[in-house]
Amino acid sequence: MSAFGKNIYVTRPTMPPLNEFVGFLKDIWERRQLTNKGKYHQELEEALKEHLGVKYISLFCNGTLALMTALEALRITGEVITTPYSFVASTHALCWNNIKPVFCDIEPDYMNIDAEKIEALITPRTTAILPVHVYGNPCNVKKIAKIAKKYELKIIYDACHAFGVKIDNKSILNYGDLSVLSFHATKVYNTFEGGAIICHDQRMKEQIDFLKNFGFANETTVIDIGINAKMNEIQAAYGLLQLKYIDKAIEKRRRIAKLYRQGLKGIKGVRFLSDIKGVRHNYSNFPIFINNDKFTRSRNEIYEALKKHHIYGRRYFYPLISQFPAYKSLPSAAIGRLPVAERITKEVLCLPIYPDLNNKDVLAIVNLVKSLLS
Ligand SMILES: *Cc1c(COP(=O)(O)O)cnc(C)c1O
């Protein structure tokens, strides 16, 4: 065992008190409606609209199916410009919908798609942009909106990291045509597995709800080629309970991020992200970026050394999506075309952050990282 006496993973799900959940379970057992827009499903949609500050939300059984359904709801075809610096599902969703991904480089400040580099990638086949709010930090939403307007493109935000994030008190989820959330166990807010699409009008909400339920408009009418991507009642009830504790959980994450920042500041060659004025962050990750030329140990060596001490950081995002076998032969994936992403993917290391990580462990991780870098 390590000096820590336990394994510390990059994240650990926040769980509400079990005894509170038992009441929900009893109710579900009695009522016997297990899925298909049940009572808890409806209650959770209402509660999340209110909590997030959005007009329309459709719940899903996971974020990936929500992404695929979002693309289908907007009838996206041809080519879509996206980022290689994300979880692989953002690009997989395009390909499952028969859309060709076109990778755009990222900016080096917050690792989001570089809005200045989007226009050069637009072709007559481009129909949409699929940016990701990486680590929950907002993309350049204004610039992206301008480009989309000029070229008549749709915008689907992969907001899977961005639960609860606001700019000037307005939900980040209100930007773009659609935004997609994930409620996977590893995310800031979870329903074991789960997800959602946020949209801005009633007709689109109906269309999305048809699509996630096989295309059924009523008992005998199938109006579209839908899929089954519904959230069940146990997930929804759990989600309602989670919502009671989410603000506290984000506050705890904020305090951990602050401790890391205090502990790691001033080390030349190590960078971390700071808060943006006017943004309500959710501290979904705590990435550090290690300049491989400045230290005797590389990022990969630090990652391995931490593992020996039972600290399991993660290299989000390494490799780049564009480097996976399925994508690496695409023209936009060619080595040298995504210089910022190609550098950052070798530097990043996400340190453990989750609400019940205690201060003592955070400080011990800080000291260990410091000693490994010296
Ligand atoms: C988690 C995640 C997804 C996939 O969500 P699931 O709920 O796991 O299907 C997609 N994109 C990003 C950026 C994610 O972090």
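Which of the 14 residues around the ligand come nearest? The legends below take up this question first and then turn to other parts of the predicted model.

**View 1. Residues and polar distances around the ligand in the predicted model.** Of the 14 residues that surround the ligand, the ones that come nearest are T64, D158, H161, S182 and K187. For T64, the side chain places an N or O atom 2.6 Å from an oxygen atom of the ligand, and for H161 a side-chain N or O atom is found 2.8 Å from a ligand oxygen atom. G63 takes part through its backbone, where an N or O atom lies 2.8 Å from an oxygen atom of the ligand. On its own the ligand has 380 Å² of accessible area, and the protein covers 93% of this.

**View 2. The ligand in its pocket.** The ligand sits in the largest pocket of the model. By residue class, the shell around the ligand is made up of four nonpolar, eight polar and two charged residues.

**View 3. Helix α3, which spans residues 63-73.** Helix α3 is largely enclosed by the rest of the structure, because nine of its eleven residues are buried. The buried residues are G63, L65, A66, L67, M68, T69, A70, L71 and A73; G63 also has a backbone N or O atom 2.8 Å from a ligand oxygen atom. The N-terminal end of α3 is capped by N62, which has a side-chain oxygen 3.0 Å from the backbone nitrogen of T64, and the side chain of T64 in turn has an N or O atom 2.6 Å from an oxygen atom of the ligand. Just after the helix, R75 takes a positive phi of about 55 degrees.

**View 4. Q242 in helix α7 and its separation from K187.** Q242 belongs to helix α7, which covers residues 233-264. With a relative accessibility of 5%, Q242 counts as buried, because the cut-off for a buried residue is under 20%. Although Q242 and K187 are 55 residues apart along the chain, their C-alpha atoms are separated by 12 Å; K187 is one of the residues that come nearest to the ligand.

**View 5. Two cis peptide bonds and the loop between β16 and α9.** Most peptide bonds are trans. The bond from Y316 to F317, however, is cis in this model, with omega near 15 degrees, and the bond from Y318 to P319 is also cis, with omega near -10 degrees. F317 is placed in the loop that runs between β16 (311-312) and α9 (339-347), and P319 is likewise found in the loop between β16 and α9.

**View 6. Positive phi angles at R32 and M111.** Most residues other than glycine have a negative phi. R32 is not a glycine, yet its phi is positive, at about 60 degrees; this residue is found in the loop between α1 (18-31) and α2 (39-52). M111, which is not a glycine either, has a positive phi of about 70 degrees and lies in the loop between β4 (100-103) and β5 (126-130). Is each of these two residues buried or exposed? R32 is exposed, because its relative accessible area of 68% is over the 50% cut-off, whereas M111 is buried, with a relative accessible area of 0%.

Terms used. Residues numbered from 1 in each chain as written. Predicted model: local features only at pLDDT ≥ 70, side-chain atom pairs only at ≥ 80, totals over all residues. Heavy atoms only, no water. Near = heavy atom within 4 Å. Polar contact = N/O pair within 3.5 Å; in protein donor to acceptor, adjacent residues only side chain to side chain. Areas by Shrake-Rupley, 256 points an atom, 1.4 Å probe, with all protein chains shown as cover. 1 Å grid on protein atoms, 1.4 Å probe; cavity = no way out; pocket = protein on both sides within 12 Å on 5 of 7 lines; lining within 4 Å. Sits in = over half its atoms within 2 Å of the grid points. Nonpolar A, V, L, I, M, F, W, Y, C, P; charged D, E, K, R; others polar. Buried < 20%, exposed > 50% of the residue type's maximum accessible area, 1.4 Å probe, protein only. Helix = DSSP H or I, 4+ residues; strand = E, 2+ residues; numbered from the N terminus.
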